[in-house]
Amino acid sequence: MSLDMILSNVRLLGREELVDLGVQNGRIAAIAPFLNAETPRWDGGGALAFPGFVDSHVHLDKACILDRCAICEGTLTEAIQQTAAAKAKFTVEDVYARAKRVLEKAILQGTNRMRTFVEVDPRAGFRSLEAITALRADYSHAIDLEICAFVQEGLTQEMDTFAMLDASLNMGATLVGGCPYADPDPDQHISLIFELARKQDVDVDFHLDFDLDPSGSAIPAVLRATETYGYGGRVSIGHVSKLSAMAPEDVQNIARRMSDAGVALSVLPATDLFLMGRDRTKLVPRGMAPADVLREQGVVTSVATNNVLNPFTPFGDASLSRMANMFSNVAQLSRDSDLEAAFAMVTSDAARLMRVPDYGIEIGGVADVVLIDAPDAASAVREIAPVLAGWKAGKQTFERPRARLIKP
Ligand SMILES: [Zn+2]
C-alpha cells in the first residue's frame, strides 16, 4: 500500500484498541491495528483522535478590544454600547490583527471549523468583512471559516443595514444573522432576515432571548418563520438564556417544537455567565440554556466560544475543551454519557448545526484529525484535556507537545 504518512497508536471514539491511520492524498486511506508501510510515521502515543473541534459561534471582528472599552456594569446593554463605540473606529488592518490572534489560538486549541459573525452596518461599513474574508483565505490550510453577515444593533430602524447585509452575501459572507432583541420591531426583524436568506439561498442564525424573563420569547416567531419559509434544518439560535428561567415543562415543550421544526441551538456559557443576572446582589443565576435537556428531545445543540477579551466576555483562550467543561460544570452533569454529549456539542453536533458535509474519521473521508491527550471523550471534558497535534486534509497544522515533568 502506498501511503503519504501513518498516524500510529491512536484511539478512535467508541473503539477500544489502538489503531494506525493511513493518509494518502489528503484522505484517510486505511484504518487498522497496525499498518505496515515504508512511509513517515507520527506516533500518537495512545491519544484520542477525532476530526477536530467545531466552534459554531465566534465574533472574531470584535475580539481583543479590552484596551479600548470600559466595563463598569457588566451588562448586555453596556457591552453593546461600548462595542458600538469601538467599532466605529475599526480599520481593516486592526480587525485583521485582532481576529488573527484569536484564530491562531483556536487552531492551536484543535479547532478546524468555525462560524464567525461579522457585523455589517453604517458604523462598521464593510471593513470588518474585508478583513475577515482575507483572514479566511490566509488560514484556509488550517481552518474552514464560515462568515455570517450579522446585524447587532437593530435593522428596522436603520434599513441601510439591510442593503449592506444583502451586499455582504455577494462579498464573501455565506449566511446571515439577526438579533431581534436589539430591534424595536423583533417580529419584522425576523421576517426581514428570513426574506434575505431565501432571496440569497443561505442559512440563518439568530441571537435570541438574551435575558432572564421567562415570558416574551421570540422562539415562536422563529419557529413560525422557519415553517413559512420552508427553512427546517437551516436555522440556529444562540444564547436563549430565557430557557434557563422557564418551568421545566415549558422547556420540554419548546424543545419538542424546535426539534420538529429543525431549529438548532448554540449555548455560549462564558458570555451568558458574565452578562446575566447583573441586577442580583446574591445567588446570581447562571442564565445558561439547558442544552442537555434540549438535546435529549432531539434538538441539534452546540456549545461555542462567542466572544474573547471584549465587554461581552473579558476572558477566553478559544479552547472548546475548556468550554465543554464549563458547560458541563454549570449544567451540573456527571455521568459519562452526559459528558460524551458535551464533547459532541463541540464536535459532531456542532458540525451538524453548521451542516458540515464530511465530518468524521473514516476510510475515504478527508484526513482532518486532531489528537487530544485523553483516553475517551468524557475524560477529555472532565479534565479539560490539552490537544497535542492536528492535521487538515492530511497536512499537519500544529503541534503542542505533552508537558514534561522534570525530576531532580
Ligand atoms: Zn454571539
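## Notebook: a buried loop residue, helix packing and the sheet

I began with Leu60, whose place is in the loop between S6 and helix H1 (76-87). The model I am reading is a predicted one. I looked up whether Leu60 is buried or exposed, and found that its relative accessible area is 0%, so Leu60 is buried. I then listed what Leu60 touches, leaving aside residues up to four places away in sequence, and noted Arg98, Ala99, Val102, Leu103, Met114, Thr116, Phe117, Ile132, Leu135 and Leu145. I also checked Leu60 against Tyr96, which lies 36 residues apart from Leu60 along the chain, and the C-alpha atoms of the two are separated by 8.9 Å.

**Entry on H2 and H3.** I turned next to helix H2 (residues 92-108) and helix H3 (residues 127-138), which pack at an angle of about 45 degrees with their axes 8 Å apart. That angle makes H2 oblique to H3. The crossing in which H2 passes H3 is right-handed. On the H2 side I recorded Val92, Val95, Tyr96, Ala99, Lys100 and Leu103 as making the contact, and on the H3 side Arg127, Ser128, Glu130, Ala131, Ile132, Ala134, Leu135 and Asp138. Sorted by class, the contact of H2 with H3 comes to 9 nonpolar, 1 polar and 4 charged residues. I note that Ala99, Leu103, Ile132 and Leu135, which are among the residues of this contact, are also among those that Leu60 touches.

**Entry on H5 and H6.** For a second helix pair I took helix H5 (residues 186-200) and helix H6 (residues 219-228), whose axes come within 10 Å and cross at roughly 30 degrees. That makes H5 roughly parallel to H6, and H5 passes H6 in a right-handed crossing. Here Asp187, Ile190 and Phe194 in H5 meet Ala221, Val222, Ala225 and Thr226 in H6. By class I have 5 nonpolar, 1 polar and 1 charged for the contact of H5 with H6.

**Entry on the sheet.** In what order do the 8 strands of the open sheet run? I read the order as S6-S7-S8-S9-S10-S11-S12-S13, with parallel pairing. Strand S6 (53-58) and strand S13 (301-303) are the edge strands, each of them pairing on one side only. From one strand to the next the twist averages 25 degrees. Within the sheet I looked at strand S8 (residues 144-150) and strand S9 (residues 175-178), which pair in the parallel sense over 3 bridges, and I saw that Phe150 stands opposite Gly177 in S9.

**Entry on positive phi.** Most residues other than glycine have a negative phi. I therefore noted Asn25, which is not a glycine and yet has a positive phi of about 50 degrees. Asn25 is found in the loop between strand S2 (19-24) and strand S3 (27-32), and with a relative accessible area of 66% Asn25 is exposed. Asn306, again not a glycine, has a positive phi of about 65 degrees, and its place is in the loop between S13 and helix H10 (320-330). At 1% relative accessibility Asn306 counts as buried, whereas Asn25 is exposed.

**Entry on H11.** Last I asked how many of the 10 residues of helix H11 (residues 336-345) are buried. The count is 7 of the 10, so H11 is largely enclosed by the rest of the structure. The buried residues of H11 are Asp338, Leu339, Ala341, Ala342, Phe343, Ala344 and Met345.

Key. Residues numbered from 1 in each chain as written. Predicted model: local features only at pLDDT ≥ 70, side-chain atom pairs only at ≥ 80, totals over all residues. Heavy atoms only, no water. Axes fitted to C-alpha atoms, helices over the stretch in contact; angles between N-to-C directions. Helix = DSSP H or I, 4+ residues; strand = E, 2+ residues; numbered from the N terminus. Parallel < 35°, antiparallel > 145°, perpendicular 65-115°, else oblique. Left-handed = near helix turned anticlockwise from the far one by under 90°. Contact = heavy atoms within 4.5 Å. Nonpolar A, V, L, I, M, F, W, Y, C, P; charged D, E, K, R; others polar. Pairing = 2+ DSSP bridges. Buried < 20%, exposed > 50% of the residue type's maximum accessible area, 1.4 Å probe, protein only.
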